[in-house]
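Trainee: Could you take me through one helix of this model closely, beginning with what lies around it? I should then like to follow its neighbours outward.

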Amino acid sequence: MRPAVFLDRDGTLIEESGYLDRLERLVFFPYSVDAVRVLNRAGFLVVIVTNQAGIARGIVEESFVAEAHRHIADRVAAGGARIDGFYYCPHYPTGTVEAYRAVCDCRKPAPGLLHRAAADLDIDLARSFVVGDRWHDLAAGQKVGARGVLVRTGLGKRDEWEPESGTTPGAIVDNLMDAAAWILDQA
Ligand SMILES: [Mg+2]
Ligand SMILES: [Zn+2]
């Protein structure tokens, strides 16, 4: 079993852009690929876990999410780094697309995506970490025993000042590169 770093996508690995629906709007932070490579080399699996309610809301096609994830994987690979898995929740309780209108177990803060990844990739959750710009990212990690790092990119600057009771961050840092450094310090 290997430890993983579960990365939120929007606002953490790439810029938060509302509902990402075109590749032109997919913008990496300048340090993102380096941060993934640092984590790869330290022996962590790197897994994207992302809520994509835009699918249930009829704003984003599931095929586009797949295309965006191929694009991210290619870009990361071109920088000599690797993402080991992409997991997303397409659901929303009041979505307009009936097939995805659901209260599910995978929309963060629920931990379903983490459990699924752990089963697929043989992940040791107790030695794993979650990095995200929202408290619900950290809450999902906390439910499976993974420590969380809140980043001040995306919506993190706001969330930092609106703490969520019951969710305790391991650290709050400026961005994904600082999160990677903190994780390496702990491991
Ligand atoms: Mg986010
Ligand atoms: Zn879901």
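Mentor: The buried residues of helix α1 pack against β1, β2, α3 and α7; contact here means heavy atoms within 4.5 Å. Buried stands for under 20% relative accessible area, exposed for over 50%, and partly exposed for what falls in between (1.4 Å probe, protein chains only). Helices (H or I, at least four residues) and strands (E, at least two) are DSSP runs, numbered from the N terminus.

The model is predicted, with local features needing pLDDT of at least 70 and side-chain atom pairs pLDDT 80 or more, while totals for chains, interfaces and linings use all residues. Residues are numbered from 1 along each chain as written, chains are lettered from A and ligands numbered from 1 in written order, and side-chain values use heavy atoms without hydrogens or water.

Within α1, the buried residues are Ser 32, Val 33, Ala 35, Val 36, Arg 37, Leu 39 and Asn 40. Because seven of its 10 residues are buried, α1 is largely enclosed by the rest of the structure. After the helix comes Gly 43, and the phi of Gly 43 is positive, near 95 degrees.

One of the neighbours of α1 is α3. Helix α3 spans residues 62–78, a run of 17 residues. Its buried residues are Phe 64, Val 65, Ala 68, His 69, Ile 72 and Val 76. These residues lie on the same side of α3, because they cover an arc of only 140 degrees around the axis, the arc being that of the directions from the helix axis to the C-beta atoms. The other side of α3 carries the exposed residues Ser 63, Arg 70, Asp 74 and Ala 78. The partners of the buried residues of α3 are α1 (32–41), β2 (45–51), α2 (53–56) and β3 (85–89). Just beyond the helix, Gly 80 also adopts a positive phi, of about 75 degrees.

Helix α2, one of those partners of α3, contains Gly 54. Gly 54 counts as buried because its relative accessibility is 1%. Apart from residues up to four places away in sequence, Gly 54 touches Tyr 19, Ile 59 and Val 60. Gly 54 and Val 65 stand 11 residues apart along the chain, and their C-alpha atoms are separated by 9.8 Å.

Both α1 and α3 also belong to a wider assembly: along with β1 (4–7), β2, β4 (129–132), β5 (147–151), β6 (171–173) and α7 (176–186), each supplies at least two residues of the largest nonpolar core. A nonpolar core is a set of buried Ala, Val, Leu, Ile, Met, Phe, Trp, Tyr and Cys residues joined through side-chain atoms within 4.5 Å. This core has 36 residues, of which Leu 7, Leu 13, Val 131 and Ile 183 touch the most other members. Leu 13 illustrates how the pieces meet. Its contacts, leaving aside neighbours within four places in sequence, include Ser 32 and Val 36, as well as Ile 72. Further contacts of Leu 13 include Leu 7, Asp 8, Phe 28, Phe 29, Ile 48, Ile 83 and Leu 176. A second, separate core has 18 residues, among them Val 47, Val 49, Ala 117 and Val 130.

Asp 8, a contact of Leu 13, leads to the magnesium ion (ligand 1). The protein donors of this ion are Asp 8 (OD), Asp 10 (O) and Asp 133 (OD), lying 2.1 Å from it. Donors are N, O and S atoms within 2.8 Å of the metal (3.2 Å for Na, K and Ca), and sites may look incomplete because water is not among the atoms. The spacing of the magnesium donor residues in sequence is D-x1-D-x122-D. Asp 8, in the loop between β1 and α1, and Asp 133, in the loop between β4 and α5 (135–143), are 125 residues apart and thus link distant parts of the chain. Both Asp 8 and Asp 133 are buried.

From β3, a partner of α3, the path leads to the zinc ion (ligand 2). Its protein donors are Cys 89 (SG), His 91 (ND1), Cys 104 (SG) and Cys 106 (SG), lying 2.1 to 2.3 Å from the ion. The zinc donor residues are spaced C-x1-H-x12-C-x1-C in sequence. Cys 106 is buried at a relative accessible area of 1%, whereas Cys 104 is partly exposed at 23%.

Two backbone features complete the account. A cis peptide bond, with omega about 20 degrees, joins Lys 108 and Pro 109, and Pro 109 lies in the loop between β3 and α4 (112–121). In the loop between α4 and β4 lies Asp 122, which has a positive phi of about 60 degrees although it is not a glycine. Asp 122 is partly exposed, its relative accessible area being 42%.

Conventions. Expected span 1.5 Å × (residues − 1).
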